[in-house]
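The following exercises are to be worked with the sequence and coordinates at hand. Each task is followed by a solution in steps.

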2 protein chains.
Amino acid sequence: MGAKTSRRAKPADESRQRILEAAFEIANELGYEGTTISKISARSGISASSIYWHFGSKDGLLAAVLTDSFERWEAVNMDLEAPLPGTSLGEHLRDIHAQAARSITENPEFWRLGLMLTLEQRISDVTARTQFLEIRSNVLGRLAGWWRKRMAPELVARRPDLAPLLARFNMATMDGLFVSAQADEGWDLQTLATMLADSQVFLLNQAASEGEGTRRNG
Amino acid sequence: MGAKTSRRAKPADESRQRILEAAFEIANELGYEGTTISKISARSGISASSIYWHFGSKDGLLAAVLTDSFERWEAVNMDLEAPLPGTSLGEHLRDIHAQAARSITENPEFWRLGLMLTLEQRISDVTARTQFLEIRSNVLGRLAGWWRKRMAPELVARRPDLAPLLARFNMATMDGLFVSAQADEGWDLQTLATMLADSQVFLLNQAASEGEGTRRNG
DNA sequence: ATTATCTATAGATCTATAGATAATGC
DNA sequence: ATTATCTATAGATCTATAGATAATGC
């Protein structure tokens, strides 16, 4: 009943966008396995066959969802700057981590989706999972580069493993804070971010002083 | 074809166990949403109706899976001891975290399942999810208690928030190492565990020395 | 009688495609 | 002609239950 549905009312890819949004929301709530074309169709109001027309397959759709949401996430979260002159490394790190902690609570969607894809263990035929793992490894590389610039050249030469380790320690802790925030709203993420910043400064100093005169043991 | 299936060949709850195992494996690979009675039936070789007879519902089955796997996990992972006399806190922590890192790679199943349940955001009608969150909060409480015993009474009185914070920092980092290990096999978890131990000792000392004469600012 | 299993099946949901149809761009 | 949509539908899979059947424990 009511007006006959007019086909092709929308310009170009407004529908595409609606589908991506609905799929992103559902994948975020339920993971890859819980995301079905049916649910996406119901939420977006666009027929299942149109979804297939746009994306070809569930795998293709989820891959597009990941790319699309990554672009938005990256714009907000990946500006790694050098500390301003006059700012200590410790202060700067506290700022950076505080910002990261804020983004964990304010827009957790992209990272949550990625972590769910990481934990779901299908043999690897999920394109979106592979994409996320690549993004993750890329972010890690950028973090390591940032750390390398904060280290004295002598230290970089003596401990080439240190920058990647600090980067990994960083990412691991942030992943952990992320999961914690999902499990329980009551965490004081700001304080925990400060603890991480202070720990990193300590670890860096520890490594630097180990080299002064003494040969490392092990 | 072949011999007619004999019903009720098995004693008491051997079947129950087979179902739990199959369900645990599948839930581990695919999360709650990806776990279906059909798949469990196929993997365990036990008919769907028998599964319903044993567990009543999918929710009931997954709740049983979580309880059952938690018991096995707890037996291996939750013996928090005091440091032996003559061992420094730092050395002891390194041991503890090294052990935790080993268990992350050696039997990640229970914790992975829990994290997947945590990240999947269904409104909360999943009993297993609630159970895991309670377990998590319980583990956190035990960790905080452990830390409190390592702190001078004066410090406990002055910074009652410190033990829970160290516990949370600990758990967050371990969650993060866990996720990292799932994403990429190449991590040197032992070194990262050492970094965590050293950081905690540093944070504890930092808090202790802050109280010597100076009033904390903020 | 109770316990534990099976087969069969209803009804929902899911993936994917075929084929019709309407708007757009030549 | 191409683009973007819809309805209809096939066939698979899923949840859950009914009802039959066999072993066990009185």
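**Exercise 1. Compare the span of helix H5 of chain B with the span expected from its number of residues, and determine which of its residues are buried.**

*Solution.* The structure is a predicted model.

Step 1. Helix H5 of chain B covers residues 89-106, which is 18 residues. At 1.5 Å a residue the helix should span 26 Å, and its end C-alpha atoms are 26 Å apart, so expectation and model agree.

Step 2. A residue counts as buried when its relative accessible area is under 20%. In H5(B) this holds for Gly90(B), His92(B), Leu93(B), His97(B), Ala98(B), Ala101(B), Ser103(B) and Ile104(B).

Step 3. The cover over these buried residues includes helix H4 (58-77), helix H7 (127-150), helix H9 (162-183) and helix H10 (189-210) of chain B.

**Exercise 2. Apply the span test to H9(B), and state how many of its residues are buried.**

*Solution.* Step 1. H9(B) contains 22 residues, for which 32 Å is expected at 1.5 Å a residue. From first C-alpha to last, H9(B) reaches 31 Å, close to that expectation.

Step 2. Of the 22 residues in H9(B), 21 are buried, and the helix is thus mostly covered.

**Exercise 3. Determine whether Asp198(B) is buried or exposed, and list its contacts beyond its neighbours within four places in sequence.**

*Solution.* Step 1. Asp198(B) is located in helix H10 of chain B. Its relative accessible area is 12%. Because the cut-off for a buried residue is under 20%, Asp198(B) is classed as buried.

Step 2. With neighbours within four places set aside, Asp198(B) is in contact with Phe202(A), Leu203(A) and Gln206(A) of chain A, and with Arg94(B) of chain B.

**Exercise 4. Describe the interface between chain A and chain B by its buried area, its residues and its polar pairs.**

*Solution.* Step 1. The size of an interface is often given as the accessible area lost when the parts come together. Chain A and chain B bury about 3,800 Å² between them, and 73% of this lies on carbon and sulfur atoms.

Step 2. Chain A contributes 44 residues to the contact and chain B contributes 44 residues.

Step 3. Four residue pairs are in polar contact between chain A and chain B, counting pairs with both residues at pLDDT 80 or more. One salt bridge is found across the interface. Arg168(B) and Asp184(A) form a salt bridge through their side chains, at 4.0 Å from N to O.

Step 4. On the side of chain A that touches chain B, two or more residues come from each of H1, helix H6 (109-119), H7, helix H9 (162-183) and helix H10 (189-210) of chain A. H9(A) gives the most, with 14 residues. By class, this side of chain A comprises 20 nonpolar, 12 polar and 12 charged residues.

**Exercise 5. Place three salt bridges of chain A, those of Glu25(A), Arg142(A) and Glu154(A), within the helices.**

*Solution.* Step 1. Side chains of opposite charge can pair when their charged atoms come close. Over all chains, the whole structure holds 20 salt bridges.

Step 2. Glu25(A) and Arg43(A) are joined by a salt bridge of 3.0 Å, N to O. Glu25(A) lies in helix H1 (residues 14-34) and Arg43(A) in helix H2 (residues 37-44) of chain A, so the pair ties together parts 18 residues apart in sequence. Glu25(A) is partly exposed at 37% relative accessible area, and Arg43(A) is partly exposed at 41%.

Step 3. In the salt bridge of Arg142(A) with Glu74(A), the closest N and O atoms are 3.0 Å apart. This pair links distant parts of the chain, with Arg142(A) in helix H7 (residues 127-150) and Glu74(A) in helix H4 (residues 58-77) of chain A, 68 residues apart. Arg142(A) is partly exposed at 31%, as is Glu74(A) at 28%.

Step 4. Between Glu154(A) and Arg158(A), the closest N and O atoms of the salt bridge are 2.9 Å apart. Both residues belong to helix H8 (residues 153-158) of chain A; being four residues apart, they are separated by about one helical turn. Glu154(A) is partly exposed at 49% and Arg158(A) at 26%.

Step 5. Salt bridges with shared partners also join Glu25(A), Glu29(A) and Arg43(A) into one network.

How values were computed
Residues are numbered from 1 along each chain as its sequence is written. Chains are lettered from A and ligands numbered from 1 in the order in which they are written. This is a predicted model: local features need pLDDT of at least 70, side-chain atom pairs count only at pLDDT 80 or more; totals for chains, interfaces and linings use all residues. Side-chain values use heavy atoms; hydrogens and water are left out. Buried means under 20% relative accessible area, exposed over 50%, partly exposed in between (1.4 Å probe, protein chains only). Contact means heavy atoms within 4.5 Å. Buried area is the accessible area (1.4 Å probe) that two parts lose on being put together, summed over both. A polar contact is a pair of N or O atoms within 3.5 Å; within protein, one must be able to donate a hydrogen and the other to accept it, and residues adjacent in sequence count only if both atoms are side-chain atoms. Ala, Val, Leu, Ile, Met, Phe, Trp, Tyr, Cys and Pro count as nonpolar, Asp, Glu, Lys and Arg as charged, and the others, Gly among them, as polar. The expected span of a helix is 1.5 Å times one less than its number of residues.
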